[in-house]
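The following exercises concern the structure shown below. Each task is followed by a solution that proceeds step by step.

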Amino acid sequence: MRVAVLGLGSMGAAIAGRLLDAGHEVHVWNRTAARAEPLTRRGAVHEPSPGAAAGEVDVVITSLTDDEAVRGVVLGEGGVATHLSPTAVLVDASTVSPDTSRELARAAAGRFVDAPILGAPQAVAAGEATILAGGDGDILEPLMPLLAQLGARVLRCGPVGSATTVKLVANHLLLGQLTVLAEAVATAQAHGIGDDLLSALGRTALVAPALQNRLDDVIRGDHEGWFAARLGRKDVHLVRELAARGGLDLAVAATVEELFEQAIAAGLGDRDITAVVEAVRSRRATEAGVAGR
């Protein structure tokens, strides 16, 4: 199958690499062209623009940072929507608003699937990630073998926008648990509990499996992971907007977003989401303030 991957950050590059390994003809594009070089050395075709890539393939996969970036690549002048062939399908693997997914589906004349990914780029490269898929059954069914090559399982979530909804809820769960872990670690360290003991405690069932690979970075790391704090803040903000449309005001999400904003303000926006612990450490409570709360 001929597949284009647009956006070669950590996740997009892992998707393209996985598809190359599976024997597909892969076309790639990225704003910074140098990011395509490791993939072109493996046989990928570098395209000069999103539109050029879209006109050459059966499936276009976008993996971009946020709603604005996806809209620009798909809906912008010379973008995917104006070059997508009548039989091709647009698959968005980005974490965006469900409203954006539905907007993209309209632009692609319904030939669209939202397919965000649960798992790190390393999990995609190893075929161990979970793919969330939302879209019309007639469009989605022919794509199932391709999506199955990207992950250990594909979860059908419902119509367009349902997969992005599930991804946002999942990321809220991850970011909320991470923030609680950061508070627990910072509190223990403030009272002299050793890092080795905290690490051992964190390997018990008290810490969710999804956080185990970030535990040491919370305790004493330099926050060099792949999931940037600025993207974490973006995701929790989208969750709050999603909840508000359902009549809900999420108190925990508001606190998590505030802490990530503090981490970003401290210059840690491009560090891993574990940098939220630095925002926790920087907050100092007065005895009177704690009593008041």
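**Exercise 1. Compare the span of helix 10 with its expected span, and describe what follows the helix.**

Solution. The model is a predicted one. Step one is to count: helix 10 (162-190) has 29 residues. Step two is to compare the spans: from first C-alpha to last, helix 10 reaches 42 Å, close to the 42 Å expected at 1.5 Å a residue. Step three is to look past the end of the helix, where G192 takes a positive phi of about 85 degrees.

**Exercise 2. Characterise the largest pocket by volume, lining and class of residue.**

Solution. Begin with the volume, which is about 1100 Å³ for the largest pocket. Next, identify the lining: it comprises 41 residues, and those nearest the centre of the pocket are M11, W226, F227, A228 and L231. Then assign the lining to elements. At least two residues each come from helix 1, helix 4 (67-75), strand 7 (117-118), helix 10, helix 12 (209-212) and helix 14. Helix 10 gives the most, with six residues. Finally, sort by class: the lining of the pocket holds 18 nonpolar, 15 polar and eight charged residues.

**Exercise 3. Determine the span of helix 1, its buried residues and its part in the largest nonpolar core.**

Solution. Helix 1 covers residues 10-21, twelve in number, and its C-alpha span of 17 Å is close to the expected 16 Å. Just after helix 1, G23 has a positive phi of about 95 degrees.

Turning to burial, the buried residues of helix 1 are M11, G12, A14, I15, A16, G17, L19 and L20. M11 also belongs to the residues nearest the centre of the largest pocket.

For the core, note that it has 35 residues, of which I15, L19 and V28 touch the most other members. Helix 1 gives the most to this core, with six residues. Apart from this core lies another, of 31 residues, including A182, A188, L198 and V280.

**Exercise 4. Which residues does I15 touch, and which residues line the largest cavity?**

Solution. First, list the contacts of I15, leaving out residues up to four places away in sequence: they are V5, I61, S63, A93, I117, V124 and L150. Second, apply the threshold for cavities: one cavity of 30 Å³ or more is counted. Its volume is about 40 Å³. Third, read off the lining, which consists of I15, I61, V91, A93, A115, I117, I131, L147 and L150. Fourth, classify these residues: nine are nonpolar, with no polar and no charged residue.

**Exercise 5. Locate A109 and H223, and decide for each whether the residue is buried or exposed.**

Solution. Start from the backbone. Most residues other than glycine have a negative phi. A109 has a positive phi near 55 degrees, and H223 has a positive phi near 60 degrees.

Now place each residue. A109 is in the loop between helix 6 (98-107) and strand 6 (112-114). H223 is in the loop between helix 13 (215-220) and helix 14 (229-245).

Last, assess accessibility. A109 has a relative accessibility of 69% and therefore counts as exposed, the cut-off being over 50%. H223 has a relative accessible area of 4%, so H223 is buried, the cut-off being under 20%.

Terms used:
Residues numbered from 1 in each chain as written. Predicted model: local features only at pLDDT ≥ 70, side-chain atom pairs only at ≥ 80, totals over all residues. Heavy atoms only, no water. 1 Å grid on protein atoms, 1.4 Å probe; cavity = no way out; pocket = protein on both sides within 12 Å on 5 of 7 lines; lining within 4 Å. Points joined across faces, edges and corners; volume = space filled by probe spheres on them. Nonpolar A, V, L, I, M, F, W, Y, C, P; charged D, E, K, R; others polar. Helix = DSSP H or I, 4+ residues; strand = E, 2+ residues; numbered from the N terminus. Expected span 1.5 Å × (residues − 1). Buried < 20%, exposed > 50% of the residue type's maximum accessible area, 1.4 Å probe, protein only. Core = buried A, V, L, I, M, F, W, Y, C linked by side-chain atoms within 4.5 Å. Contact = heavy atoms within 4.5 Å.
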